[in-house]
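Below is a set of questions and answers on one protein model. Look at the structure, then read on.

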Amino acid sequence: MVVKDPKWALSELKKYLRLHERVPLPPEEITSSAKTRARGKKHERDTQAYAVKHIYEALFGEYPRHVDEAVARRCIFEIERGAEMRENLQPDDAPVIDASELHPWVWEAARPHWLSGNHGAALWAAGINVNSRLQAKVGRKDLGETKLLQESFSLEDPKPGKNRLRLCGPENPDLFKDRHVGAMNVGGGLYAAVRNPLNHVSPAENPLSENEALEWLAGFSLLARWIERAKVEAVESDQNDFGGARGSV
């Protein structure tokens with residue numbers, strides 16, 4: 001990850017280090033056990049620690065367990081030489097997933113849990129939010145998750161109270177079928193194989209690495225993009241309710 005203004009971040013980090021530099025005590029304050037003190041006052045050091053905490057989160061995608069001079073120096077190294085290290089150490093064909101670039105329906109819901117290190121809760125929150133967005137888009141609260149995805153991406157025409165999502169028109173029947181059946185199956189698979197098992201087993205029985213959790217969040221991000229991009233196809237009843245016409249929103 002990157003910070004918007006590296007010069008500002010470096011200035012804040014170096015300010016933190018300066019406030020923690022040891023300086024001699026005035027002669028009248030020296031004792032056998034105390035000859036130096038931190039340059040900054042306690043409230044100054046505490047306030048600056050918050051800046052370091054947020055810079056660390058911007059750089060590494062999580063909050064540090066605690067803030068000290070080593071954390072500040074790690075941030076400085078990342079800003080000044082991190083890109084150089086990755087360029088020379090990582091293979092050219094190894095792309096990196098940036099969680100902040102995931103669909104906002106996913107990352108905004110997952111982020112608080114992710115930063116606390118609870119990756120299972122992050123996945124759970126992302127799945128819940130994507131489902132809520134889908135319910136709102138098609139105007140249905142009676143179904144959710146896999147069943148709602150099946151209804152929403154169904155190849156059948158819309159019916160009263162059963163709106164459809166359309167990723168493309170039916171002009172090319174094979175493409176129409178592939179895109180909608182594919183979205184239906186991918187979405188259903190994410191809820192059945194990723195989100196739901198979090199309900200049934202403990203973290204000890206279903207250990208989840210950070211990398212694996214990020215891959216699964218990327219899957220929910222893909223589903224969210226399909227849902228957001230899709231047009232809603234609904235039945236528009238005429239004034240006499242003698243029939244209906246299809247319309248896209």
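Q: Is P112 buried or exposed?
A: This is a predicted model, where local features need pLDDT of at least 70, side-chain atom pairs count only at pLDDT 80 or more, and totals for chains, interfaces and linings use all residues. Residues are numbered from 1 along each chain as its sequence is written, and side-chain values use heavy atoms, with hydrogens and water left out. Buried means under 20% relative accessible area, exposed over 50%, and partly exposed in between (1.4 Å probe, protein chains only). P112 has a relative accessible area of 51%, so P112 is exposed.

Q: In which helix is the place of P112?
A: Helices are DSSP runs of H or I with at least four residues, strands are E runs of at least two, and both are numbered from the N terminus. P112 sits in helix α4.

Q: How far apart in space are P112 and A122, C-alpha to C-alpha?
A: In sequence, P112 and A122 are 10 residues apart. In space, C-alpha to C-alpha, the distance is 7.6 Å.

Q: What distance separates the end C-alpha atoms of helix α4?
A: The expected span of a helix is 1.5 Å times one less than its number of residues. Helix α4 has 12 residues, 104-115, so it should span 16 Å. The model agrees: its end C-alpha atoms are apart by 16 Å.

Q: Which elements are included in what covers the buried residues of α4?
A: The buried residues of α4 are W105, V106, W107, A109, A110, W114 and L115. Their cover, by contact (heavy atoms within 4.5 Å), includes α2 (42-60), α5 (119-138) and α9 (210-229).

Q: Which residue just after α4 takes a positive phi?
A: The phi is about 90 degrees. The residue is G117.

Q: Which element gives the most to the largest nonpolar core?
A: A nonpolar core is a set of buried Ala, Val, Leu, Ile, Met, Phe, Trp, Tyr and Cys residues joined through side-chain atoms within 4.5 Å. The largest has 33 residues, and those with the most contacts inside it are F153, L165, L217, L223 and I227. Two or more residues come from each of α4, α5, α6 (145-152), α7 (173-195) and α9. With eight residues, the element that gives the most is α9.

Q: Which residues does L217 touch, not counting those up to four places away in sequence?
A: L217 is among the residues with the most contacts inside the largest core. Its partners are L102, V106, W107, A110, W114, A122, L123 and A126.

Q: How many residues apart in sequence are the parts that E21 and R39 tie together?
A: A salt bridge is a side-chain nitrogen of Lys or Arg within 4 Å of a carboxyl oxygen of Asp or Glu. E21 and R39 form one at 2.9 Å, N to O. E21 lies in the loop between α1 (6-19) and β1 (22-24), and R39 in the loop between β2 (36-38) and α2, so the pair ties together parts whose separation in sequence is 18 residues.

Q: Which helix holds both D46 and K42?
A: Their side chains meet in a salt bridge of 2.7 Å, N to O. An α-helix has 3.6 residues a turn, so residues three or four places apart point the same way. D46 and K42 are four residues apart, about one turn, in helix α2.

Q: Is R140 buried or exposed?
A: R140 meets D142 in a salt bridge of 2.7 Å, N to O. D142 counts as exposed, at 54% relative accessibility. At 5%, R140 counts as buried.
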